[in-house]
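The following exercises are to be worked with the sequence and the structure at hand. Each consists of a task and a solution in steps.

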Amino acid sequence: MAGTELFGAEERKEINDVMETGVLFRYGHDAIRNNHWKAKDFEAEVKKITGAKFAHAMSSGSTAIAAALAASGIGAGDEVIVPPFTFIASVEAVLFIGAIPVFAEIDETLCLSAEGIEKAITPKTKGICLVHMCGGNAEMDSIMAVVKKHNLILVEDAGQAFASSYKGTYTGLFGKAGSYSFDFFKIATAGEGGVLVTNDEETYKKADVYSDHGHSHIGAKRGMEEHPFLGFNYRISELHAAIGVAQTRRVPGIKEKNRHHKKFMQDLLSKNKSISFAKLGDESGDSATFLNLLLPDTQTTQRVVNEFNAAGVAGFDYWFLNMYHFINQWDHLKNLQTVSKLPAQILERSQDYNTMTLPKTQEVVGRLISFSIKCSWTDEQMKELAASIIACVEKATKPVNA
Ligand SMILES: Cc1ncc(COP(=O)(O)O)c(C=O)c1O
């Protein structure tokens with residue numbers, strides 16, 4: 001929740017710029033907008049942090065990932081490898097562009113593993129929707145080797161991993177296109193918003209047109225623009241973009257604090273031998289929005305969760321039982337319950353979502369407890385939290401007759 005912790009005068013200033021002109025639309029109205037272009041400024045701030053050649057702001061992380069998949073050339077009937085541990089938007093985006101999600105195993109990075117991806121490949125596999133979970137990053141060297149070997153299209157959902165990098169390259173920029181979410185719960189928020197990034201000009205142009213009903217954005221008369229292909233309305237408003245501008249400027253400072261807090265907590269928690277931590281592809285690129293604990297096994301972890309609840313320890317997620325982040329609870333997805341028919345329901349699928357097994361993922365997510373890191377934490381608060389966590393873990397791991 002770092003972005004929302006720091007909401008203040010800078011955000012109000014950017015919003016007021018828009019309110020003063022009343023131009024809430026990101027395109028045109030040049031004469032009356034007093035030279036305020038908040039969506040463009042938001043994109044510039046994202047490019048500054050990530051080094052992306054192109055960025056396009058949209059209405060949400062969900063629409064940005066859908067546009068990234070479509071603009072990368074993935075569509076009806078294509079199989080796309082996805083993780084079973086993600087926010088469900090990544091899977092919905094694959095389904096709603098007409099493609100077929102195929103689930104593969106994650107590893108202790110909390111992201112798809114190269115081994116998992118390779119095992120899930122079929123003759124119909126067109127691409128991968130790789131999700132960088134919990135502020136971290138996947139093991140990109142081995143994943144890129146599989147992408148190249150099988151000539152796959154890589155699209156990255158870095159919805160939770162804005163400002164995270166792997167060996168100097170920012171998440172979202174390893175494949176054709178990537179996306180970040182700026183919803184209310186991210187390192188920076190626009191209220192609602194998402195940004196697509198890519199280093200490929202053609203993919204950027206397609207995303208730009210696709211996310212605005214096929215408008216080419218060439219020429220001064222919106223109604224008379226060319227429409228090279230069909231699209232839909234995934235536009236961001238100037239008000240949301242204005243908040244995104246101010247918030248994105250805060251991200252380097254937030255990241256520094258988060259990283260300090262994560263290390264501080266890990267140093268304290270490492271004293272308990274039952275506690276270890278999720279891995280990162282590259283630790284030095286962590287955006288550190290989450291402190292991800294791994295406990296010895298699922299049963300112990302569930303006992304720890306019970307102890308947390310009894311002791312009033314707050315601010316954590318046990319994703320294994322979470323309705324929107326883990327496949328075990330996605331009955332609507334497993335049974336493909338939809339309001340209207342999707343291509344995935346009428347095409348042959350190589351995976352039965354109800355009978356497939358993903359033992360490595362079950363094992364990792366069963367052992368995982370994630371705490372949201374607050375950039376406003378004080379040393380005293382962290383010491384208190386770490387002591388409570390350790391006390392609960394000790395209780396949960398104590399031999400029964402001790
Ligand atoms: C990994 C991931 N992808 C996509 C999204 C969707 O983003 P939004 O809420 O902005 O649509 C989220 C949101 O939590 C997410 O965590």
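## Exercise 1. The mixed sheet and its helix

In this predicted model, the bridge partner of Phe 54 in β9 is Thr 198. Starting from this pair, describe how β1 and β9 are joined, place both strands in their sheet, and state which helix packs on the sheet.

Solution.

Step 1. The pair Phe 54 and Thr 198 belongs to the contact between β1 and strand β9, residues 194-198; five bridges join the two strands, which run antiparallel.

Step 2. The sheet is open and has seven strands, in the order β1-β9-β8-β5-β4-β2-β3. Its pairing is mixed. At the edges are β1 (54-58) and β3 (100-103), each of which pairs on one side only. From one strand to the next, the twist averages 25°.

Step 3. Helix α8, residues 201-210, packs on this sheet and touches β1, β8 (177-181) and β9. The direction of α8 makes about 15° with that of β1.

Step 4. The buried residues of α8 are Thr 203, Tyr 204, Lys 206, Ala 207, Val 209 and Tyr 210. Their cover includes β1, α4, β8 and β9.

## Exercise 2. The antiparallel sheet

Determine the strand order of the four-strand sheet, then find the residue that stands opposite Leu 294.

Solution.

Step 1. The order in this open sheet is β10-β11-β13-β12, and the pairing is antiparallel. The edge strands, β10 (276-277) and β12 (316-317), each pair on one side only.

Step 2. Strand β11, residues 290-294, is joined to β13 by five bridges, and the two run antiparallel. Leu 294 stands opposite Leu 368 in β13.

Step 3. Strand β13 (368-372) has a further role as cover: together with α10 (298-311), β13 is among the elements over the buried residues of α13. Helix α13 comprises residues 359-366, and its buried residues are Thr 361, Val 364, Val 365 and Gly 366.

## Exercise 3. The shell around the ligand

How many residues surround the ligand, and which element gives the most to the shell?

Solution.

Step 1. The ligand is surrounded by 15 residues, of which the closest are Gly 61, Ser 62, Phe 87, Gly 159 and Ser 181.

Step 2. Two elements give two or more residues to the shell, namely α4 (61-71) and α5 (89-96). The most comes from α4, with three residues.

Step 3. Sorted by class, the shell has nine polar, four nonpolar and two charged residues.

## Exercise 4. Two domains and their contact

State the bounds of the domains, then describe the side of domain 1 that touches domain 2.

Solution.

Step 1. The domain assignment of the protein chain gives domain 1 as 2-250 and domain 2 as 252-322 + 362-397. Taken over C-alpha atoms, the centres of domain 1 and domain 2 are 28 Å apart.

Step 2. In domain 1, 25 residues are in contact with 24 residues of domain 2. On the domain 1 side, α1 (2-5) and β6 (165-166) each supply at least two residues.

Step 3. By class, this side of domain 1 divides into twelve nonpolar, seven polar and six charged residues.

## Exercise 5. Backbone angles and exposure

Give the location and the phi of His 213 and of His 217. Then decide whether each of His 213, His 217 and Pro 252 is exposed or partly exposed.

Solution.

Step 1. Most residues other than glycine have a negative phi. His 213 has a positive phi near 55°, and His 217 has a positive phi of about 60°.

Step 2. His 213 lies in the loop between α8 and α9 (238-269). The loop between α8 and α9 also holds His 217.

Step 3. A residue with 12 or fewer other C-beta atoms within 10 Å is exposed, and one with 20 or more is buried; partly exposed residues fall in between. His 213 is partly exposed because 14 other C-beta atoms lie within 10 Å. His 217 has 13 C-beta neighbours inside 10 Å and therefore counts as partly exposed.

Step 4. Pro 252 is located in helix α9. Pro 252 counts as exposed because there are 11 C-beta neighbours inside 10 Å.

Step 5. Pro 252 and Lys 124 are 128 residues apart along the chain, and their C-alpha atoms are separated by 41 Å.

Note on methods
Residues numbered from 1 in each chain as written. Predicted model: local features only at pLDDT ≥ 70, side-chain atom pairs only at ≥ 80, totals over all residues. Near = placed C-beta within 6 Å. Nonpolar A, V, L, I, M, F, W, Y, C, P; charged D, E, K, R; others polar. Domains from an automatic or database assignment. Contact = placed C-beta atoms within 7 Å. Pairing = 2+ DSSP bridges. Axes fitted to C-alpha atoms, helices over the stretch in contact; angles between N-to-C directions.
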